[in-house]
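Trainee: I'd like to learn how to read an internal cavity. Can you walk me through one?

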Amino acid sequence: MGNSRCTGATETSPVSLRRRGPVLERAILEAALEQLSTVGWSGLTMEGVAAGAQTGKAAVYRRWPSKEDLVADALQAGLPTLDEAADHGSIREDLFQLCRRVRDAMYSRSGFALRSVLHECDSSTAERFHGVIVRQLVEPSNQLFRKVVHRGVARGDVRPDATGDLVFDVIPGLMMYRSKVCGSEWPDEDISKMIDQVMVPLLRPRNG
């Protein structure tokens with residue numbers, strides 16, 4: 001009795017991770033982001049990414065022939081999507097909520113990785129990743145800020161002439177300056193101050 005064994009349920013052999021297609025690609029991209037956030041651009045290697053994704057180096061090179069190609073796709077896949085601006089009933093609340101989303105994108109793992117890459121790369125390589133941030137963050141957020149302001153004009157809490165290009169540079173300019181120069185991570189209270197002390201006075205109707 002004591003020597004009897006139950007084969008089948010009690011002992012199993014290790015199961016190999018045989019991921020393919022999109023599942024494997026997602027794992028590789030996640031591993032690349034993890035490497036960027038821990039060891040940066042200079043420390044990232046294709047071998048390290050393969051190990052993090054629990055796959056072979058050949059599987060990485062088949063999909064991405066260079067480190068630059070892999071990192072560009074990892075950043076594009078990982079950055080949050082900015083594709084809508086909900087109507088919260090006032091220009092103040094619309095801008096506050098949109099700025100929080102932009103802040104979250106900037107300080108997401110992908111946003112942090114992107115800034116690290118831009119700081120470490122030479123100028124020609126950095127230019128490629130600069131295009132990623134323009135396409136993924138700068139252009140979408142600018143479009144949403146415009147949508148919010150024009151909605152405020154229609155609502156009546158933004159004056160009609162407050163729609164020039166420089167107006168839409170104020171929030172990105174402040175956020176980038178205070179992030180890079182002052183080290184601000186833009187907590188909600190700082191966003192509130194920017195909206196209440198700068199943007200609302202700038203945008204409100206002159207008789208408001």
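Mentor: Start with the lining: its residues divide into nine nonpolar, no polar and no charged. Here Ala, Val, Leu, Ile, Met, Phe, Trp, Tyr, Cys and Pro count as nonpolar, Asp, Glu, Lys and Arg as charged, and the others, Gly among them, as polar. Mind that this is a predicted model, where local features need pLDDT of at least 70 and side-chain atom pairs pLDDT 80 or more, while totals for chains, interfaces and linings use all residues. Residues are numbered from 1 along each chain as its sequence is written, and side-chain values use heavy atoms, with hydrogens and water left out.

Trainee: How is such a space found, and how many cavities of 30 Å³ or more are there?

Mentor: Rolling a probe the size of a water molecule over the atoms shows where empty space is left. On a 1 Å grid over the protein atoms alone, a cavity is a set of points where a 1.4 Å probe fits but cannot get out; lining residues have an atom within 4 Å of a point. Points are joined across faces, edges and corners, and the volume is the space filled by probe spheres set on them. This structure holds one of 30 Å³ or more, and the largest cavity has about 50 Å³ of space.

Trainee: Which residues line the largest cavity?

Mentor: Leu95, Phe145, Val149, Val167, Phe168, Ile171, Pro172, Met199 and Leu203. Helix 7 (123-155), helix 8 (165-180) and helix 9 (188-203) each give two or more residues, and helix 8 has the largest share, four. Helices (H or I, at least four residues) and strands (E, at least two) are DSSP runs, numbered from the N terminus; the chain has nine helices and zero strands.

Note on methods: On a 1 Å grid over the protein atoms alone, a cavity is a set of points where a 1.4 Å probe fits but cannot get out, and a pocket is an open set with protein on both sides within 12 Å along at least five of seven lines; lining residues have an atom within 4 Å of a point.
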